[in-house]
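Thanks for coming, everyone. I'll put the structure up and then walk through it piece by piece.

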Amino acid sequence: MQVPFSKPFLRGHEGARVAETIATGWVSQGPRVREFETAFAERVGALDAVATTNCTTALQLALYVLGVGPGDEVIVPSLSFIATANSVWQNGATPVFADVDPRTYNIDPQAIEPLITSRTKAIMPVHQLGLPADMDPILALAERHGLAVVEDAACAIGAEYRGRRIGSLGPLACFSLHPRKVITTGEGGMIAVNDPAIAARLRTLRQHAMDVSDLARHGAKDVIIESYPERGWNHRMTDMQATLGLCQLEDLEFIRDERRRLADRYTAALAGIPSIEPPFDPDYADRTWQSYAVRLVDGAPDRDTLMRLLLQDGVPTRRGVMAIHEEAAYADTQAVLPATEDVTRNTLMLPLFAGLTDAEQDHVIERLAAHVAAAVAA
Ligand SMILES: *Cc1c(COP(=O)(O)O)cnc(C)c1O
């Protein structure tokens with residue numbers, strides 16, 4: 001049996017809906033993008049949402065709009081996809097890596113305060129793998145020190161922190177719509193915004209800071225000569241992507257429920273497999289299960305060997321979340337982060353997506369159990 005690692009959930013009607021959009025003649029950012037933004041904001045409990053080309057550009061723009069620039073420092077976890085740090089660098093600022101809570105794999109609020117300097121401008125918590133970071137102490141710390149907060153919510157659409165939706169907590173939360181995330185537009189990002197003035201500025205910054213949108217100009221009764229009060233970028237989503245996004249939003253609850261059901265099945269099965277720990281589930285959060293990462297503890301086989309053996313059995317896995325500070329790209333930071341280094345080395349992700357069948361999942365569990373038993377016996 002060959003099990004896929006991950007697949008976007010598509011019902012088959014999406015192509016026809018995108019074709020309808022194409023038939024309108026409006027294919028770049030227009031009415032469908034606006035519709036998608038409104039529906040997205042409503043789903044994540046935000047006042048508004050601004051679409052972008054991907055989550056990395058969303059993070060870059062969110063930091064920029066809050067004033068992050070050259071000479072500034074932004075405190076981020078190293079245990080994250082490299083895009084988290086790259087978005088800081090793209091603004092000419094420096095990422096400063098904080099260690100994570102070894103149970104949640106999210107930035108440790110206690111590790112943040114000692115890293116604050118006169119240059120610190122913002123904190124960027126990541127809701128890793130769809131599990132919200134412990135936001136109350138982070139927001140309190142930011143307020144006390146006058147720091148901005150941008151949430152990297154790439155994996156966390158639909159997640160909740162103490163009953164509050166991710167997207168409603170802080171000023172700006174950035175979501176990814178890449179196929180490896182919970183819902184997708186192929187490529188795409190979204191900034192959940194809770195301040196109307198910031199939303200308006202983000203809308204201009206993502207289209208060269210032009211003071212009039214294509215949509216507004218198209219509907220105008222008079223000639224419009226646009227102007228450019230500041231410098232900006234082209235981070236526009238297309239109406240074709242937004243149409244796919246609207247289809248995906250309609251399926252979000254099903255996708256979430258299905259991922260949770262499969263995660264619960266894994267967790268139940270792991271109770272019978274020694275040396276492999278399921279993800280920690282803190283009571284403050286309702287996560288989205290973007291990925292299912294298990295931890296190898298005493299007696300487990302070597303992680304990379306186990307991944308290779310599983311792959312030969314038709315079970316692809318992925319290493320745990322990377323540690324950005326261990327990559328050559330960020331080696332100059334010379335950070336030492338014991339929890340991060342331990343987690344990145346001893347975790348791996350099992351196949352998890354809406355559409356994974358119980359038979360496929362049983363095969364994953366059975367092969368995992370067999371290889372662990374062989375290692376324990378050896
Ligand atoms: C995927 C991911 C990103 C980048 O998202 P893109 O849409 O691919 O730019 C950023 N941060 C985290 C934590 C991610 O998992």
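Start at glutamate 277. Its bridge partner in strand 12 is arginine 295. Remember as we go that this is a predicted model. Strand 10 and strand 12, residues 292-296, run antiparallel and are joined by two bridges. Now widen the view. The sheet here is open, with four strands in the order 10-12-14-13. The pairing is antiparallel. Which strands stand at the edges? Strand 10, 276-277, and strand 13, 318-319. Each has a single partner strand, so one side of each has no neighbour in the sheet.

Next, the domains. The assignment gives domain 1, 14-251, and domain 2, 253-377. Their centres, taken over C-alpha atoms, are 27 Å apart. The contact between them takes 40 residues from domain 1 and 34 residues from domain 2.

Now the annotated site. The record here is an unreviewed UniProt entry, and its "active site" annotation covers Lys181. UniProt also places a modified residue at Lys181, namely N6-(pyridoxal phosphate)lysine, again from an unreviewed entry. Where does lysine 181 lie? In the loop between strand 8, 172-176, and strand 9, 189-193. Is lysine 181 buried or exposed? Buried: its relative accessibility is 16%, and the cut-off for buried is under 20%. As for partners, set aside the neighbours within four places in sequence. Lysine 181 is then in contact with Ala154, Cys155, Ser176, Arg259 and Gln290.

Ser176 takes us to the strands on either side of that loop. Strand 8 and strand 9 run antiparallel, joined by five bridges. One pair there is serine 176 with glycine 189 in strand 9. On to strand 1, residues 48-52. Strand 1 also pairs with strand 9 in the antiparallel sense, over five bridges. In that pairing, valine 50 stands opposite isoleucine 191 of strand 9.

How covered is strand 9? Mostly: five of its five residues are buried. That holds for both faces. Gly189, Ile191 and Val193 are buried on one side. Met190 and Ala192 are buried on the other.

Now the cores. In general, nonpolar side chains in soluble globular proteins tend to be buried together. Here, the largest nonpolar core has 48 residues. Which members touch the most others? Phe36, Phe40, Ile157, Ile166, Phe175 and Ile183. Several elements give two or more residues to this core. Among them are helix 2, 31-44, helix 6, 135-145, and helix 9, 239-270. Strand 1, strand 8 and strand 9 are on that list too. And this core draws at least three residues from each of domain 1 and domain 2.

Take phenylalanine 40 as an example. Leaving out residues within four places in sequence, phenylalanine 40 is in contact with Ala49, Ile157, Phe175, Leu177, Met190 and Leu249. There is also a second, separate core, of 35 residues. Its members include Ala58, Leu59, Leu172 and Leu205.

A word on cysteines. How many disulfides does the structure hold? Zero. Look at cysteine 55 and cysteine 174. The closest cysteine sulfur to that of cysteine 55 is in cysteine 174, at 5.6 Å. That is too far for a bond, because a disulfide needs the two sulfurs within 2.5 Å. Viewed from cysteine 174, the closest cysteine sulfur is in cysteine 55. Both residues are buried. Cysteine 55 has a relative accessible area of 7%, and cysteine 174 is at 0%.

Last stop, alanine 285. Alanine 285 is found in strand 11, residues 285-286. With a relative accessible area of 17%, alanine 285 counts as buried. Not counting residues up to four places away in sequence, alanine 285 touches Leu131, Pro132 and Glu160. Now compare sequence with space for alanine 285 and aspartate 134. They are 151 residues apart in sequence, and 8.6 Å apart in space, C-alpha to C-alpha.

That's the tour. Let's take questions.

Terms used:
Residues numbered from 1 in each chain as written. Predicted model: local features only at pLDDT ≥ 70, side-chain atom pairs only at ≥ 80, totals over all residues. Heavy atoms only, no water. UniProt positions renumbered as here; feature names shortened; annotations may be inferred. Buried < 20%, exposed > 50% of the residue type's maximum accessible area, 1.4 Å probe, protein only. Contact = heavy atoms within 4.5 Å. Pairing = 2+ DSSP bridges. Core = buried A, V, L, I, M, F, W, Y, C linked by side-chain atoms within 4.5 Å. Domains from an automatic or database assignment.
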